[in-house]
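Let's take a look at a protein together, going from the whole chain down to a single residue. Here is the picture to keep beside you as you read.

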Amino acid sequence: MSDHEVWSRVDEFYAQRLVGDDEGLSEALRANAAAGLPPIDVTPALGKLLHLLARSVGARRILEVGTLGGYSTIWLARALPADGEVVTCEVSPRHADVARANLDRAGVGARVRIVLGPALETLPDLQGPFDMVFVDADKVSNAEYLDHAIRLSRPGALVIVDNVVRGGRVVDDADDDPAVVGTRRLADALAADPRISATMVQTVAAKGYDGFVLGVVEG
C-alpha cells in the first residue's frame, strides 16, 4: 500500500468516527462534482478543524477568500450563532451559483454573503472586524490576501491559509511555478509582519502532502 493510500484510509477512518454522515455536506460535494467544479475542497477533517477553530474563538464574523462550491463555507457558517455572518469572496459566477444552492440546501444560506469578483478588487471595500479569516484561493496572491486579512481582523483573530507546502516544492528555490513562488512570498510576508504571529502545520491526508498556516493577529 502506498503512503497516499494509507493517508486516505486514515482520513476515512477518522472522518467516519468524528465527522459522520452529514447530508448537507455530502450533497454539497456531490453537487460540486456534478457541476464540474475542480475537486479541491478541503477534506472533511480540515473542514471540521475550521469549524472547531471558529467555535474556539467565539467567532461571530468570518471572512473566507475562495468559496468554490461552498463546502468549507458550510463548515464555517455552522460554527456561528444565528445572527453571525460569513463573508466569502469568489471570482467565478458559476462557482458562486453552485455555492449558493449548496448553502441554502444545508440551511445556512441566511448567514452567508457571497461577494463576487476578483478578491484583490473586492477586499478593499469590505468592512471589518472579523474574528477569523480562511484563505483558500489562488496562491499567487496569498501575500496580498494576508495583508487584507490582518487589516480586516480584530486583535486575537485567527488567520488560516491553506495549501502552503505544495508537496514540499516550497523549499525548492529553482521551482518557478507561480503558486510556489506565491507561497514563498507568503512565508516572507508572515516573517516580516509584526501584526501577526504564525506557525505552519504540515499535513498528510487524502489530498496528499501539504499544510496550512495558522496565525493570530496581534493587538
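## Overall size

What you see is a predicted model. The protein chain has 219 residues, and a compact globule with that many would have a radius of gyration near 17 Å; the chain comes out at 17 Å, so the two agree. If you lay the C-alpha trace along its principal axes, it spans about 50 × 45 × 30 Å.

## How the chain is built

Try picking out the secondary structure: there are 8 helices and 7 strands in the protein chain. Now think about who touches whom. Taking the contacts with a separation of 6 or more, 71% are between residues 24 or more positions apart.

## Inside and outside

How much of the chain is buried? Of its 219 residues, 49% count as buried. As for the outside, the protein chain exposes about 10,300 Å², and 55% of that area is supplied by carbon and sulfur atoms.

Charges are worth a look too. The protein chain carries 22 positive side chains and 32 negative ones. The centres of these two sets lie 6 Å apart.

## Zooming in on Asn 102

Find helix α5, which covers residues 93–105, and you'll find Asn 102 in it. Is Asn 102 buried or exposed? Its relative accessibility is 1%, and buried means under 20%, so Asn 102 counts as buried.

Which residues does Asn 102 contact, leaving aside its neighbours within four places in sequence? They are Glu 27, Ala 28, Ala 31, Asn 32, Gly 69 and Ile 74.

Definitions and conventions:
Residues numbered from 1 in each chain as written. Predicted model: local features only at pLDDT ≥ 70, side-chain atom pairs only at ≥ 80, totals over all residues. Heavy atoms only, no water. Helix = DSSP H or I, 4+ residues; strand = E, 2+ residues; numbered from the N terminus. Rg over C-alpha atoms; globule rule 2.2 N^0.38 Å. Buried < 20%, exposed > 50% of the residue type's maximum accessible area, 1.4 Å probe, protein only. Contact = heavy atoms within 4.5 Å. Areas by Shrake-Rupley, 256 points an atom, 1.4 Å probe, with all protein chains shown as cover. Lys, Arg positive; Asp, Glu negative; His and termini not counted. Charge placed at Lys NZ, Arg CZ, Asp CG, Glu CD.
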